[in-house]
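Visitor: Hi, could you walk me through this one?
Guide: Happy to, let's bring it up.

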Amino acid sequence: MGGAILSTKVTYDASEEVVVTEGHPREAEMPRGEAPVDGLGCHSGSEMEKAARMAGNSEMLDKFAEDYPQGPHDKPQSMCPAFGSLRVGLRMRRTATVLSGSACCVYGLTFVSHFYGARRSVGYVPFNSETLVTGKLFEDIRESVHDLADPEKYDAIVVTNLCVPTASGVPLRLLPNEINGVRIVGIDVPGFGIPTHAEAKDVLAGAMLNYARAEVEAGPVAAPVGGKSDRPTVALLGEMFPADPMMIGQMLAPLGLAAGPVVPCREWRELYAALDSAVVAAVHPFYTAAVREFEAAGRPIVGSAPVGRDGTAAWLKAIGEAHGCSAEQIAEAQNAMLPAISGALGAMPIKGTITLSGYEGSELLVARLLIESGAEVPYVGTACPRTPWNAEDQAWLEAKGVKVKFRASLEDDCAAMEAVKPDLAIGTTPVVQKAKELGVPGLYFTNLISARPLMGPAGAGSLAQVINAAIANKGRMDHMREFFEGVGEGDTAGVWEGDPNVRPDFRAQNAKKLERQAKAAKAAEMI
C-alpha cells in the first residue's frame, strides 16, 4: 500500500469521468443578430416580440395588438394559444394541419388535441438553428405542403407558425394560395401576440373567411352539402353545444329565419353559406377578425345570445330588427319561447353564491343564466377582452350588481373567490384547485359548464342539477379539509419521511437580505 492515498468519496458509477463539452451562449451561433432559436417562447415577455419585429413582422403584431389587446399580464395564463386554432383545423373535414415550431411545443399541442378527441394526425416540420436562420425551414414547409396537397383527400391545408418561427420571420405569406386545387392557409399564432387560445380560434376562422370571401367575389362556389336553406339564415359565431343551434333554429322560425352555419365551420363550403347569411350572431364576442370579414361582406352583426328570459327577449328583438322583421313577428317569436324559459327557470332554481371565471369567452352568458336561475353572482372574470358584442351582457350584469372583469388574471379570479367566500367557485383548473384547498366546492368551467346547452328553454334548466349537487358537497369538502389539514402545503409540501428541516435561522437571514435590497432600491429611486 506504500504511500497510496485512499479517497473517502463514495461513487456509484464512472459518470464523473465523462468528458463534458463546454457550451457557449446560443447568441454566438446566430449570424447577423438573429433571435435565439429557443428557450424563450410565449413566456419570454418582450424579447420574442422584439425579435419578431426585427424580422419584419411588425405589421402583423400591430394588427394582433389591435384585434386582441393585451391584459395586465404579457403572457398567456391558460394553455398555449395555438391550441385554439389547432382545434379548429382538426375539427374540419378534409382539412390537413401542419405545425412549425419547437418540438416541445408541438408535442404538447398534439398531446392536448388528442386528449380532447382529435382523430387525425398533425403534421410537423422540424428545424434546427441552421435551417431556421438560413431560410431552409421555409423551403421545408413549402416542400411538405406540396407533398401533402392531394385534392382527393383535402380541401385545405392549414400551416401554423408557433413562437420561434414567427419571431424569426418565417414568411408563410409566401406560400402558394393553392396547390393542385387544395387551398393553403398560413397563419402565425405566437403566444407573445395572441393572449388566449379562444382568440387563436378567431385567427384561423378569420383567415379562412377571408380566403372564402375572395373565392365568392371571384365567381360561383360550391353549395352546402345539405343544400341552400329556403329561408334567410343567421350565422352563429362561436363554438357551442351541439343542441344549441337546433334550439336557436326553433326560436328563429317565427321570424322567417333559419339557423345558419356555426363559425368556426366543420367543412370548407360552410364558409360560403356563412358569408351568405342575412345576419351574423356574435354569440362568442371575441371573433374580431371573423366579424371584420362578415362586415366586409355587408352582413349586420348582433351581439349577446338567447340565454335566460331577458337575454332571449332582447336577442330575438335585435335579430328581428337587424333583418327588418315587423314588430308583430318579433312579438310572436318572443311569445313562443319566453313562457317555456320562465317555466324551466322556475322549475330548476339555483340557490347560493357563485364566483365565475374562465377563458372560453362565454362566461358572461353563463353568469346571466345563473342569475336568472336564482343564484347570486358577485364576480365574473373572463380572460377575453371587452368588445362591442358583449357590451349588452356587461351592462345587464353590472345592473344586477355584478363585478365584471375583462382580461382577468388568475390572481384576479383567486382574489375574488377568497374575498367572496362563495358556496361554489366555477373557474379554470388552478382556481378550482385553490377553492378546494379552502374547502369551497369548485367546478371546472370548460368541461362541466360550457359543455352544456345554454340557449333557450333547454339551457334554462341545464345547469341547475350539476351546480346544486356541487353546492351540496360543502360538508364533504369541510371534512376532507379537516382530515388533510396541514398536509401538502407550506413546509409540509412534498414527500417527507420525518419532520422537514425548516431552519428558521436561514429564513430570518434571507428576510433581512430582502429587506436590505428593498431599502437600497427605494433609495436608488430617490436619487
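Visitor: Which residues of helix α1 are buried?
Guide: In α1, residues 47–54, the buried ones are M48, A51 and A52. Buried means under 20% relative accessible area, with exposed over 50% and partly exposed in between (1.4 Å probe, protein chains only). Helices (H or I, at least four residues) and strands (E, at least two) are DSSP runs, numbered from the N terminus. This is a predicted model, in which local features need pLDDT of at least 70, side-chain atom pairs count only at pLDDT 80 or more, and totals for chains, interfaces and linings use all residues. Residues are numbered from 1 along each chain as its sequence is written, and side-chain values use heavy atoms, leaving out hydrogens and water.

Visitor: Where do those buried residues sit around the axis of α1?
Guide: They fall within an arc of 100° seen down the axis of α1, so they line one face of the helix. The arc is that of the directions from the helix axis to the C-beta atoms.

Visitor: And what do they pack against?
Guide: The buried residues of α1 pack against α2 (58–67) and α7 (163–167), where contact means heavy atoms within 4.5 Å.

Visitor: Switching to sheets: what is the strand order in the open one?
Guide: The order is β7-β6-β8-β9, with parallel pairing; two strands pair if DSSP finds at least two bridges between them. β7 (258–263) and β9 (301–303) are at the edges with a single partner strand each, so one side of each has no neighbour in the sheet. From one strand to the next, the twist averages 30°.

Visitor: How many bridges join β8 to β9?
Guide: Three bridges link β8 (residues 279–282) with β9, and V280 is opposite I301 in β9.

Visitor: Which strands does α11 lie across?
Guide: Helix α11 (residues 288–296) lies across β6, β7, β8 and β9, at about 160° to β6. Axes are lines fitted to C-alpha atoms, for helices over the stretch in contact, and angles run from 0 to 180 degrees between N-to-C directions.

Visitor: How many residues are in the largest nonpolar core?
Guide: That core has 76 residues, and I141, W268 and F294 are among those with the most contacts inside it. A nonpolar core is a set of buried Ala, Val, Leu, Ile, Met, Phe, Trp, Tyr and Cys residues joined through side-chain atoms within 4.5 Å. Helix α8 (residues 197–218) gives the largest share, nine residues.
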